[in-house]
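I opened a fresh page for this one and jotted down what I looked up, in the order I went through it. Have the structure open beside you and follow along.

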Amino acid sequence: MKPLVAIVGRPNVGKSTFFNRMIGERVAIVEDMPGTTRDRLYGDTDWNGREFTLIDTGGLELGTGIPVGQVGLTGQPGDIMDHVMSQAQLAIEEADVIVFMVDARAGITAADDEVADLLRRRATKPVILAANKADNASRRLDVVEFYSLGLGEPTDISSIQGTGTGDLLDRIVEALPPVSEEDEEEDEQTPRIAIVGRPNVGKSSLLNAILGVNRSIVSDIPGTTRDAIDTELEFGDQKIKLVDTAGIRRRGRVGVGVEKYSVLRSTRAIERCDVALMLIDASEGLTAQDTHIAGTIHEMGKGVIVVVNKWDLAQEQRKAEREGEYPQPDEEIDDAEHYRKVLMNELKFIPYAPIIFASAKTGYHVKSILETALKISDMRYLRVPTARLNEVVQEAKRRQTPAYVTGMKPLRVYYATQIRVNPPTFVFFVNDPRSVHFSYERFMENRLREAFSFKGTGIRIYFRARSTRDDREK
């Protein structure tokens with residue numbers, strides 16, 4: 001495991017700007033607005049040949065005295081700020097080295113004193129004091145006042161300009177624990193599972209149910225998770241990487257600034273995952289936005305599981321609706337099967353997607369979700385022997401004659417081959433790709449799924465013209 005370095009401090013001192021500069025890409029959301037980063041973000045970087053993982057945390061605001069549910073100076077409800085505090089403190093406990101960041105422009109504040117006191121009392125790891133926003137010579141001279149925090153010599157930096165960051169990295173690497181000879185390299189084929197869906201359908205709750213620890217903030221306020229958060233775990237003997245993403249809103253309803261970045265990051269999470277857990281709210285049913293998300297997953301050729309979350313709540317609602325009724329025996333139906341048929345009818349374009357009814361709150365079917373996701377991930381790496389593939393293609397040709405495309409020659413399918421995995425991708429060599437009717441492409445996909453399953457994953461099919469030379473040779 002790479003050593004962990006946590007960046008902590010009060011809100012808006014530049015923690016996310018430093019984080020993004022160090023890992024070389026815009027992962028943490030950066031806004032000139034206190035409280036933007038709420039959850040812990042992880043990113044790998046290296047300095048002088050030493051690799052480590054940075055943790056960007058939400059701003060610590062100790063002693064705010066904000067009652068639960070009320071809004072404080074940061075514009076965030078009290079219960080959310082309590083969770084932010086909890087997340088930052090968990091990062092402190094996890095880290096091998098702590099970087100306490102302060103604002104050289106603002107000088108020492110009461111909040112800085114409180115955080116410094118917390119670190120002096122509770123931190124058992126090395127603490128490095130970094131004075132950010134020291135953008136000119138005058139501010140660099142003023143950094144000496146931070147000695148009074150009792151955390152040693154401050155290092156002046158400017159995350160925006162990049163000045164002083166090399167000195168800070170030198171101190172971080174020096175404070176890291178010795179390299180273990182047993183460190184293992186990450187398996188490039190570690191399955192990536194993204195948790196996606198509309199805001200407030202229970203994505204963070206499902207992540208926490210899977211992990212068994214509060215790795216992400218869970219709240220009933222839509223949009224709580226603004227950043228995509230990668231989390232590694234082992235399930236049995238299999239390593240998995242989970243991605244918890246911000247809720248995807250309709251494009252027309254996406255706000256400027258922070259909300260915009262969150263939606264873009266959610267889409268990127270789908271792009272880089274192997275299997276997407278698409279959550280829908282059982283109590284609300286399938287919405288147009290759910291269908292849009294499913295379409296995005298399908299177009300990207302990803303594995304997908306439709307997770308009907310909050311199934312316990314839906315059952316309670318159903319029970320309340322039936323209270324006082326006396327249905328005839330032939331009117332009784334299996335709620336789950338009825339719900340499944342409705343979903344399959346409305347999600348016809350992903351008939352290969354398994355549907356799992358679950359409850360992140362109670363843990364119902366959470367284990368089944370992971371087991372199914374791993375099976376789908378394995379299926380995405382399935383390689384079909386060319387000989388067996390062409391047996392299926394020839395049998396399909398005998399079963400159905402290709403539909404005729406007006407103005408084109410009759411389609412002739414010669415042979416097929418699989419060119420890649422993740423997702424399984426096949427090329428059919430034909431006389432003229434323009435002669436392929438969309439119904440025949442769908443027919444061939446159904447025959448491949450019938451023969452080789454590909455349960456839960458998208459597959460790609462391309463039609464390519466065979467050269468004239470090949471035709472002569474045949």
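**Entry 1: a proline in a loop.** I began with Pro423, which sits in the loop between β13 (413-420) and β14 (425-430). I should say at once that I am working from a predicted model. The peptide bond joining Asn422 and Pro423 is cis, with omega at about 0 degrees.

**Entry 2: positive phi values.** Next I looked up backbone angles. His365 is not a glycine, yet its phi is positive, at about 65 degrees. I found His365 in the loop between β12 (355-357) and α11 (366-379). Is His365 buried or exposed? Neither label fits: its relative accessible area is 33%, and since buried means under 20% and exposed over 50%, His365 is partly exposed.

Ser453 went on the page too. Its phi is positive, about 75 degrees, and Ser453 is not a glycine either. This serine belongs to the loop between α13 and β15 (460-465). Its relative accessibility is 37%, so I noted Ser453 as partly exposed.

I also noted a glycine with a positive phi: Gly301, near 70 degrees, which follows α8.

**Entry 3: helix α8.** That took me to α8 itself. The helix covers residues 288-299, twelve residues in all. From first C-alpha to last it reaches 16 Å, close to the 16 Å expected at 1.5 Å a residue. Which residues of α8 are buried? I wrote down Gln289, Asp290, Ile293, Ala294, Gly295, Thr296 and Ile297. A reminder to myself for reading such a list: an α-helix has 3.6 residues a turn, so residues three or four places apart point the same way.

**Entry 4: two helices crossing.** Then I turned to α12 (residues 386-399) and α13 (residues 438-452). Two packed helices are described by the angle between their axes and the distance between the axes. For this pair, the axes come within 10 Å and cross at roughly 130 degrees. That angle falls between the 115 degrees that ends the roughly perpendicular range and the 145 degrees above which helices count as roughly antiparallel, so α12 and α13 are oblique to each other. I recorded their crossing as right-handed.

**Entry 5: rings.** How many aromatic pairs are there? The count comes to eight. I picked out one cluster, in which ring pairs link Trp311, Tyr339 and Phe357. I also looked at a charge over a ring: Arg466 lies over the face of Tyr414, at 3.5 Å from the ring centre.

**Entry 6: far along the chain, checked in space.** I finished with three pairs of C-alpha atoms.

- Asp103 is in strand β4 (residues 97-103). With 6% relative accessibility, Asp103 counts as buried. Its partner here is Ser158, 55 residues apart along the chain, and the two C-alpha atoms are separated by 9.9 Å.
- Ala111 is in helix α3 (residues 110-122). It counts as partly exposed, at 23% relative accessibility. Ala111 and Gly9 are 102 residues apart in sequence, while C-alpha to C-alpha they are 8.7 Å apart.
- Thr163 is in the loop between β6 (155-156) and α5 (165-175). Its relative accessible area of 35% makes Thr163 partly exposed. I paired Thr163 with Lys133: 30 residues apart in sequence and 9.7 Å apart in space, C-alpha to C-alpha.

Technical notes: Residues are numbered from 1 along each chain as its sequence is written. This is a predicted model: local features need pLDDT of at least 70, side-chain atom pairs count only at pLDDT 80 or more; totals for chains, interfaces and linings use all residues. Side-chain values use heavy atoms; hydrogens and water are left out. Helices (H or I, at least four residues) and strands (E, at least two) are DSSP runs, numbered from the N terminus. The expected span of a helix is 1.5 Å times one less than its number of residues. Buried means under 20% relative accessible area, exposed over 50%, partly exposed in between (1.4 Å probe, protein chains only). Rings of Phe, Tyr and Trp (its six-membered ring) pair if their centres lie within 6.5 Å; planes under 30 degrees apart count as stacked, over 60 as edge-to-face and the rest as tilted. A charge sits over a ring if NZ of Lys or CZ of Arg is within 6 Å of the ring centre and within 35 degrees of the ring normal. Axes are lines fitted to C-alpha atoms, for helices over the stretch in contact, and angles run from 0 to 180 degrees between N-to-C directions. Angles under 35 degrees count as roughly parallel, over 145 as roughly antiparallel, 65 to 115 as roughly perpendicular and the rest as oblique. A crossing is left-handed if the near helix is turned anticlockwise from the far one by less than a right angle, and right-handed if clockwise.
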